[in-house]
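Colleague: I'd like to go through this one step by step. Could you bring it up so we can talk it over?

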Amino acid sequence: MAIRERLSGNEAVSIAIRQVNPDVMAAFPITPSTEIPQFISTYVANGTIDTEFVAVESEHSAMSACMGSQAAGARTVTATSSCGLALMWEMLYVVASARLPLTLCCINRALTGPININNDHSDSMGARDAGWVQIYAENAQEAYDNYIQCVRIGEHKDVQLPVMACQDGFITSHAVENILLLEDAEVKAFVGEYEPEKYLLNEKEAVSMGPYDIANYYMEHKYQQKVALDNAKQVIYDVAAEFEKMSGRKYGMIEEYMMEDAEYAMVIIGSSAGTAKDAVDKMRAEGKKVGLVKVRVYRPFPEEEMVKALSGMKGVVVMDKAEGYSALGGPLGADVKAALFGRTDAVVLNIVYGLGGRDVRVESIEEAYGRLFAAVEAGSVPFGYDYLGLRK
Amino acid sequence: MKDNLMKHINEQNAWHELTPGGMIYGSGNSEHFNTGEWRVAVPTFIEDKCKQCLLCVPVCPDSAIPVVDSKRLDFDFDHCKGCGICYKVCPFDAITFKKIGE
């Protein structure tokens with residue numbers, strides 16, 4: 001029986017973690033993710049859960065402790081934002097290559113500098129190539145649902161990779177929304193016990209993890225990671241199907257909104273998708289054939305789903321809440337263009353928006369579609385990319 | 001634990017034949033690798049001068065001085081790296097130490 005509540009994204013994810021009752025959490029506070037370790041340490045202090053909470057001295061230590069803990073055989077979780085994620089960088093790659101399926105709640109915040117505590121995706125976008133599965137939430141409900149699924153996805157024997165469950169700082173993490181929670185027992189049964197095949201504290205079978213890898217082995221081990229990330233896609237669908245049976249809520253790699261007869265599409269990640277849906281409704285009422293593709297899973301990239309959803313479009317505008325400084329566009333723009341190359345004649349625009357908490361309104365989204373209409377009308381794709389909501 | 005669980009792993013293996021993330025199964029498998037070939041200097045054990053005080057044994061970083069029945073034997077040159085620490089601690093000049101080729 002679903003439990004009706006009103007919660008912030010951080011509260012929702014903390015309840016999900018409480019229900020999963022992981023063996024270990026090692027975390028260091030950083031805005032706007034601070035509430036998550038705060039709530040979990042409260043649960044631990046109150047005896048609500050028996051998780052071992054490790055108060056570390058930095059995020060470098062947090063990810064190191066998580067790595068050791070997961071390698072030891074314990075289901076492990078951490079949470080961070082912005083520069084905290086940046087300080088974990090070195091270990092993000094090691095955790096992925098050592099195939100340790102821990103979970104990280106990333107509360108997306110602009111990466112310094114200039115120093116800024118508000119939302120954009122520059123923190124987790126920088127970690128997009130670290131070999132982690134990355135899943136993004138639009139709202140608190142998705143943040144809650146995604147986290148529960150992330151535990152299963154990473155630990156699946158065909159995957160064995162760490163998973164980053166992302167939600168937008170403040171917009172999702174601190175705003176209170178209506179939400180449906182699952183029963184504790186349902187979540188417990190859904191995630192089950194963590195049973196790694198090999199782990200360091202197994203007294204019956206000794207293993208060593210993370211050895212030096214010479215040139216004759218490194219490439220094969222990197223390929224193993226690639227195969228695991230490829231495998232993650234099917235597992236994400238399977239876990240989502242099982243989750244839907246329990247919750248009634250359906251998830252996939254992407255979410256299509258009003259795409260059936262659309263001619264102009266927007267591709268977007270995170271909370272702005274909610275704003276964009278309102279803009280689509282408004283423009284549809286005005287007779288404009290617009291649709292939306294929300295990226296839920298960014299790694300592995302939903303190439304097939306994206307191409308299928310966007311085939312036949314006159315124009316596609318890809319929205320990046322991160323500046324890539326590639327001089328070519330943002331990370332999502334580059335990936336969508338790569339997926340579409342040679343497969344569509346659509347005009348593809350890339351727009352950077354919402355950096356460092358810059359407000360994104362229905363009118364902002366309408367303006368982005370407006371630029372797309374103009375580019376399709378002109379019949380040409382301009383070089384480079386543009387900013388939305390910038391004072392000029 | 002002395003079984004070499006990794007003996008099937010070699011540089012001809014395809015990616016799927018290797019362990020996940022290069023994990024090493026079993027313990028004590030450094031014994032199976034001839035790391036003594038890195039050596040650029042070599043100690044020599046002079047048995048006649050040795051009083052079997054065994055000071056050299058615990059200081060060897062590679063456990064390359066075998067002991068049987070409380071007596072040390074000649075060096076395990078498959079694993080001795082030629083660091084010279086044993087030569088430094090020997091009070092009886094029972095170990096000499098020279099660069100290879102000298």
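Here are some questions and answers about a sheet in chain A and the contact between the chains.

Colleague: Which strands stand at the edges of the open sheet of seven strands in chain A?

Modeller: Keep in mind that this is a predicted model. The sheet is open, with mixed pairing, and its order in chain A is β3-β2-β4-β5-β7-β6-β13. Each edge strand has a single partner, so one side of it is left without a neighbour in the sheet. That gives us β3 (52-55) and β13 (297-299) of chain A.

Colleague: Okay, and which residue stands opposite A:Ile135 in β13(A)?

Modeller: Look at strand β6 of chain A, residues 133-136, which pairs with β13(A) over two bridges. The two strands pair in the antiparallel sense. Opposite A:Ile135 you'll find A:Val297.

Colleague: Now the other chain: which element gives the most to the side of chain A that touches chain B?

Modeller: On that contact, 17 residues of chain A meet 12 residues of chain B. Two elements of chain A give two or more residues to it, β9 (207-208) and α9 (215-247). With six residues, the one that gives the most is α9(A).

Colleague: Which residue of β1(B) stands opposite A:Ser208?

Modeller: Here a strand of one chain pairs with a strand of the other: β9(A) is joined to β1 of chain B, residues 24-25, by two bridges. They run antiparallel. The residue facing A:Ser208 is B:Ile24.

Key
Residues are numbered from 1 along each chain as its sequence is written. Chains are lettered from A and ligands numbered from 1 in the order in which they are written. This is a predicted model: local features need pLDDT of at least 70, side-chain atom pairs count only at pLDDT 80 or more; totals for chains, interfaces and linings use all residues. Two strands pair if DSSP finds at least two bridges between them. Helices (H or I, at least four residues) and strands (E, at least two) are DSSP runs, numbered from the N terminus. Two residues are in contact if their C-beta atoms, placed from the backbone, lie within 7 Å.
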